[in-house]
Amino acid sequence: MTTRTVAALALAGLLAAPAWAEDAEERLLVNDEIEITLRAPAPEHLDGALPEIVSGWVYRSPETQDLQRDDFDNPGILYVDQAREVWNAALGSEGKSCASCHDDPESMRGVRPVYPKWDEAKGELQSLEMQINECLTDQMGAEAWGWDSDDMKNMTALLASVSRGMPIDVAIDGPVQDIWERGREMYYTRYGQLELSCASCHEQNYGNLIRADHLSQGHTNGFPVYRFSTTALVSQHNRFRGCIRDTRAETFAIGSDDLLALELYVASRGNGLSVEGPAVRH
Amino acid sequence: MTRFALILALAAPLPVLAGEIGPHAVTYDEYGAIEEPLTDRPGDPEAGVVVMTTRGDGNCIACHRVAALEEYPFHGEVGPPLDGVAAYRSAAELRGIVANAKQMFPGTVMPAFYKSEGFTRPGDGFTGEAATEPLPPLLTAQQIEDVVAFLMTLTE
Amino acid sequence: MAENVKPRVKVPSSASAGETVQIKTLISHQMESGQRRDADGNVIPRSIINRFVATFNGETVIDVVIEPAVSTNPYFEFEAKVPESGEFVFTWYDDDGSVYEDTASIEVS
Amino acid sequence: MERREVLMLGAGAVVALGLPLPAWSAADDAVMAYTGGSDVLEGGVTLDAPEIAENGNTVPIRVSAEGAEEIVVFAIGNPNPGVATFRFGPLAGSQEASTRIRLAETQDVVAIAKMSDGTFHRAVREVKVTIGGCGG
């Protein structure tokens, strides 16, 4: 680049810091009926690490925020609609659909906020994906879906959508306590050649720009999210995997016990924020 | 990223060029500064600008605001602004901070740009795959000197 | 035919004669631009919706020529005049020859 | 930063300084091809777009020009500058439309309205496409 061009660029006033969050209208009422809790008191188990918990929606640009106000504008709802069709389809050898046992998807309101959740019968912590697969294989005689498959992301989006507005409320004590503590340890571990932990960005620097990215507190209440970067739904584990990869680290496998532990811990940091999925993010 | 991938592919064990101090041989003083330049060749401030503004290189402006680099869009806020940094930091201090800021500021979020081992789950660039230490440092000795040379121009 | 292409339209169910109504349309479609490469470095062929037409009782409201620079899941918002009760027909034309159609009725009083 | 963008931005600054414009780019050829070389008047058409787009994959825009037969949108810095042509029929409630577009990088978006009297009108908006902080 020549000096002259550089000068011209400077004159053209190319540099402008995004300063959108402070100006954004801070209310999210979806479809004129579902009030989303954008700020909530920090859960006690955070021991003051955050003064309050804030939805990632707050940190997005007004244009991105607007897409979540109305289901018609939210591209994530296209995938919810696809899952509604699958909901009513007989899928396996038993000839049963989701609807055979659960009526309409709205009857699942209240499920998403408490996942991941301990399964007493199986003696394991289950994510929503694992629960869906248990239905498919044990009840319907169908093949399990891939954790990150379109069918799975669509279905978790549907289950999230019917619980929108309800507070996230995952349990962290009892049989899951050890797993939760493993997740907490991961959250604060500085991985990779960049030596960054989840906390480096999402606890110590939320609200700050990293290049043009406005860092959020990294809550998972909006998952699965519709991301512009991939123009598709993104699962929690996929997002965790991407973040850890971006620290120049050996990342963790989607569906691994490691990411499941992290999922539980991060979900618990957002206890009190509304289910928002499918949220719209950049 | 492509560039890093290439270097990784070519580089085990780490080559240390003649006239360079490798990541292992660097001496930090008790405050975390590095008195001796890492290369024989003096730093080039213009090359330093490229390192500081290029995503996949130093990308310093991802975290630091620098008024002198205004023509490169979007500066971050994670670290302190660097305007006037040469007025209150010596070249030795800046060299130490860029090479491994944790020597001066334990617990800082800033990555160490001249460090090759001691990482948790080190990866092969941004592939997500495992890598074997020692890794090539994030910046070369010459790039560190170039960045320091540029920073030393920020006197006000 | 591209997979999982599903149109959505939002049209008010009623209006007064001659009123202008707001219409929104969204269709799930990858809108492969022809600029991207796959993991092996091969160009992924262009495959987009190249035209969108909205009519009311057979008369054109809007007719859009679409290039690959329109985003995945194409969205359009526009206004229509409704002189009498009738039916909107929305038609999307795919590069692969597929045609997707949706309709919506409106009661004009 | 792409060379083309540098050129365009440089050109913007030159205009601001009242200096003669440099040679047309390929994108300008597309505009010329559309107008057939007719004069293009400033104003009479509105183009709304964010000053800063959080992600270039999905940038909301709105065009409006009272009395227009059609409005064409160009993204001057994209590999192919064409975006969309909106033709308004007899039952259009207004000569206005919104959509979401892809921008490869920071650039000017141009809307050209062809009026029923045959004149062309233009609006230009610069949209800065953000650069992410993560990854290589």
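**Chain C first**

I started with chain C, which reads β-β-β-β-β-β-β-β along its sequence. Helices and strands here are DSSP runs (H or I of at least four residues for a helix, E of at least two for a strand), numbered from the N terminus. My tally for chain C came to zero helices and eight strands. I also looked up its extent: the C-alpha trace spans about 60 × 20 × 20 Å along the principal axes.

**Ground rules I noted**

This is a predicted model, where local features need pLDDT of at least 70 and side-chain atom pairs count only at pLDDT 80 or more, while totals for chains, interfaces and linings use all residues. Residues are numbered from 1 along each chain as its sequence is written, chains are lettered from A and ligands numbered from 1 in the order in which they are written, and side-chain values use heavy atoms, with hydrogens and water left out.

**Salt bridges**

I used the usual kind of cut-off: a side-chain nitrogen of Lys or Arg within 4 Å of a carboxyl oxygen of Asp or Glu. Over all chains I get 31 of them. I picked out one in chain C, where the side chains of C:R51 and C:D63 meet at 2.7 Å, N to O. C:R51 sits in strand 4 (residues 49-56) and C:D63 in strand 5 (residues 59-66) of chain C, so this pair ties together parts that are 12 residues apart in sequence.

**Two domains in chain A**

Next I pulled up the domain assignment of chain A: domain 1 is 3-74 + 165-281, and domain 2 is 77-161. Such bounds come from an automatic or database domain assignment. Taken over C-alpha atoms, the centres of the two domains of chain A are 24 Å apart. Their contact (heavy atoms within 4.5 Å) takes 31 residues from domain 1 and 24 residues from domain 2 of chain A.

How much area do the two domains of chain A bury between them? I found about 2,300 Å², 68% of it on carbon and sulfur atoms. Buried area is the accessible area (1.4 Å probe) that two parts lose on being put together, summed over both. On the domain 1 side of chain A, the residues losing the most area to domain 2 are A:M166, A:L233 and A:L260, together 24% of what that side buries.

I then checked for salt bridges between these domains of chain A, and the count is zero. Polar contacts do turn up: eight residue pairs, both at pLDDT 80 or more, cross the interface of domain 1 and domain 2 of chain A. The rule wants a pair of N or O atoms within 3.5 Å; within protein, one must be able to donate a hydrogen and the other to accept it, and residues adjacent in sequence count only if both atoms are side-chain atoms.

Which elements supply at least two residues each of the domain 1 side? They are strand 10 (232-234), helix 9 (236-245) and helix 10 (257-269) of chain A. Helix 10 of chain A gives the largest share, four residues. By class, I logged 18 nonpolar, 10 polar and three charged residues on that side of domain 1 of chain A. Nonpolar covers Ala, Val, Leu, Ile, Met, Phe, Trp, Tyr, Cys and Pro, charged covers Asp, Glu, Lys and Arg, and the others, Gly among them, are polar.

**Strand 10 again, in a sheet**

Strand 10 of chain A also shows up in an open sheet of three strands, order 10-9-11, with mixed pairing. Pairing needs at least two DSSP bridges between two strands. Strand 10 and strand 11 (280-281) of chain A are the edges, each pairing on one side only. Strand 9 (residues 225-227) and strand 11 of chain A run parallel, joined by two bridges. Here A:R227 stands opposite A:R281.

**Chain B against chain A**

I counted 41 residues of chain B in contact with 32 residues of chain A. The area buried between them is about 3,200 Å², with carbon and sulfur atoms giving 55%. Two salt bridges cross this interface; I noted A:E195 with B:K115, at 2.7 Å, N to O. Polar contacts between chain B and chain A come to 16 residue pairs, both at pLDDT 80 or more.

**Backbone oddities in chain A**

Most residues other than glycine have a negative phi, and most peptide bonds are trans. I found a cis bond joining A:Y115 and A:P116, omega about 5°, with A:P116 in the loop between helix 4 (98-102) and strand 5 (117-119) of chain A. The bond from A:F223 to A:P224 is cis too, omega near -5°. Last entry: A:D47 has a positive phi, near 50°.
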